[in-house]
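User: I'm new to this one. Could you walk me through it in plain words, a question at a time?

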Amino acid sequence: MRHRWNRNGKQPRRLPVTDGQIRTRSPSLRRKLEAALKQLSAGRHAPGERALRAGVAGLVRRHGWPDAARGTLALASAVLRRGRARDAQHILKDAKEYSRCAADDRALADVAILSGIAWIDQGRLDEADSLLSASLAAATSQADLSRTVASRLALARCHFWRAQYDQSAELLLGLQEDEIDVTDSVGRLIGLSRASIGRRDLEAAMRHAMAASDVAERSGQPALVARAACGLAFAHLAVGDSGAVARDVTASGTGIPTVSRFSLCGSRPSDWR
């Protein structure tokens, strides 16, 4: 068996197995993976990340590539949401390898989309634009609705940070509300609010941000409510309502340190995902 050695020269790492090799899968590891994902969904980020890393490591040792890819993608997404774009890029390299071992083209598409988002968060907008444009074209040609939506949302965000507000709005308006889930609906409305701010249409910005907040509240999902509150704070900042900004920040659960970032209009793109 060939190995690729880590930088410390101590821990061997298996290369992808061939189709003819036996791939052992452990139901207990999959259960641990599911438990870790539930921890992340419940907002228990630190223990969830630790459990995911441990679960993925066990799956990789047993060549459980599909579950390893799924767990690594979930880990990368969680790390991105916490603003650690560089860490996410390293995790996505592993996700790409595991997805290839699993021969899972859909997982590879997810890797590309998350990589594009990570480039946005690092301010590498040219790289993000190129990668996400290719992802959108591929998803559209394959009639893959979920990845078409994800690519549009991410690319619209990239256009926003490039001050291409019309292009951002066009991508979002191309999404039909009856074809997307509640999370994407909130993301679409927040994106439209941002684009409207860029276009100096503050009335529309507030309308979209408040609509996002209403959708999030009806969902009953705390994480989604917090995300919508951040979007509403951005709109309130644009209209100069500092009192409302403070209330929105409190509602988002992001804490007082985040207020200083609002004054920079979200200088780190991940603050406004």
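User: Which residues do ring pairs link into a cluster?
Analyst: This is a predicted model, where local features need pLDDT of at least 70, side-chain atom pairs count only at pLDDT 80 or more, and totals for chains, interfaces and linings use all residues. Residues are numbered from 1 along each chain as its sequence is written, and side-chain values use heavy atoms, with hydrogens and water left out. Rings of Phe, Tyr and Trp (its six-membered ring) pair if their centres lie within 6.5 Å; planes under 30 degrees apart are stacked, over 60 edge-to-face, and the rest tilted. The cluster joined by such pairs is made of Phe 160, Trp 161, Tyr 165 and Phe 234.

User: How do Phe 160 and Trp 161 pair up: stacked, tilted or edge-to-face?
Analyst: There are 4 aromatic pairs in the structure. For Phe 160 and Trp 161, the ring centres are 5.1 Å apart and the planes meet at 80°, making the pair edge-to-face.

User: And what angle lies between the planes of Phe 160 and Tyr 165?
Analyst: Phe 160 is buried at 9% relative accessibility, and buried means under 20% relative accessible area, exposed over 50%, partly exposed in between (1.4 Å probe, protein chains only). Tyr 165 is partly exposed, at 24%. Their pair counts as tilted, with 5.7 Å centre to centre and an angle of 55°.

User: Which residue lies over the face of Phe 160?
Analyst: A charge sits over a ring if NZ of Lys or CZ of Arg is within 6 Å of the ring centre and within 35 degrees of the ring normal. At 5.6 Å from the ring centre of Phe 160, the residue is Arg 194.

User: How many helices and strands does the protein have?
Analyst: Helices (H or I, at least four residues) and strands (E, at least two) are DSSP runs, numbered from the N terminus. By that count the protein has 13 helices and 2 strands.

User: What share of the residues counts as buried?
Analyst: Let's start with the outside: the accessible surface is about 14,000 Å², and 52% of it belongs to carbon and sulfur atoms. Those areas come from the Shrake-Rupley method with a 1.4 Å probe; for residues, only the protein chains shown count as cover. Out of the protein's 273 residues, the buried share is 47%.

User: Why do the buried residues of helix 8 line one face, and within what arc do they fall?
Analyst: Helix 8 covers residues 165–173, and Ser 168, Ala 169, Leu 171 and Leu 172 are buried in it. Looking down the axis (the arc is that of the directions from the helix axis to the C-beta atoms), these buried residues line one face because they fall within an arc of 160°.

User: What helps cover the buried residues of helix 8?
Analyst: On the face turned away from the buried side, helix 8 carries the exposed residues Glu 170 and Leu 173. The cover over its buried residues includes helix 6 (125–141), helix 7 (145–161) and helix 9 (182–198).

User: Which residue forms a salt bridge with Arg 199?
Analyst: A salt bridge is a side-chain nitrogen of Lys or Arg within 4 Å of a carboxyl oxygen of Asp or Glu. Arg 199 has Asp 166 as its partner, the closest N and O atoms being 3.0 Å apart. Arg 199 lies in the loop between helix 9 and helix 10 (202–219) and its partner in helix 8, so the pair ties together parts 33 residues apart in sequence. Also partly exposed, at 48% relative accessible area, is that partner, Asp 166.

User: How far apart in sequence are the parts tied together by Asp 144 and Arg 106?
Analyst: These two form a salt bridge, with 3.5 Å between the closest N and O atoms. Asp 144 sits in the loop between helix 6 and helix 7 and Arg 106 in helix 5 (residues 105–121), so the separation is 38 residues.

User: How close are the closest N and O atoms of Asp 129 and Arg 162?
Analyst: Asp 129 is buried at 15% relative accessibility, while Arg 162 is partly exposed at 30%. The closest N and O atoms of their salt bridge are apart by 2.6 Å.

User: Which residues are linked in a network of salt bridges?
Analyst: The salt bridge count comes to 15. Linked in a network are Arg 30, Glu 34, Asp 67 and Arg 70.

User: Leaving aside neighbours within four places in sequence, what is Ser 99 in contact with?
Analyst: Ser 99 belongs to helix 4 (residues 85–101) and is buried at 0% relative accessibility. Contact means heavy atoms within 4.5 Å. Beyond those neighbours, Ser 99 touches Ala 69, Asp 104, Ala 107, Leu 108 and Val 111.
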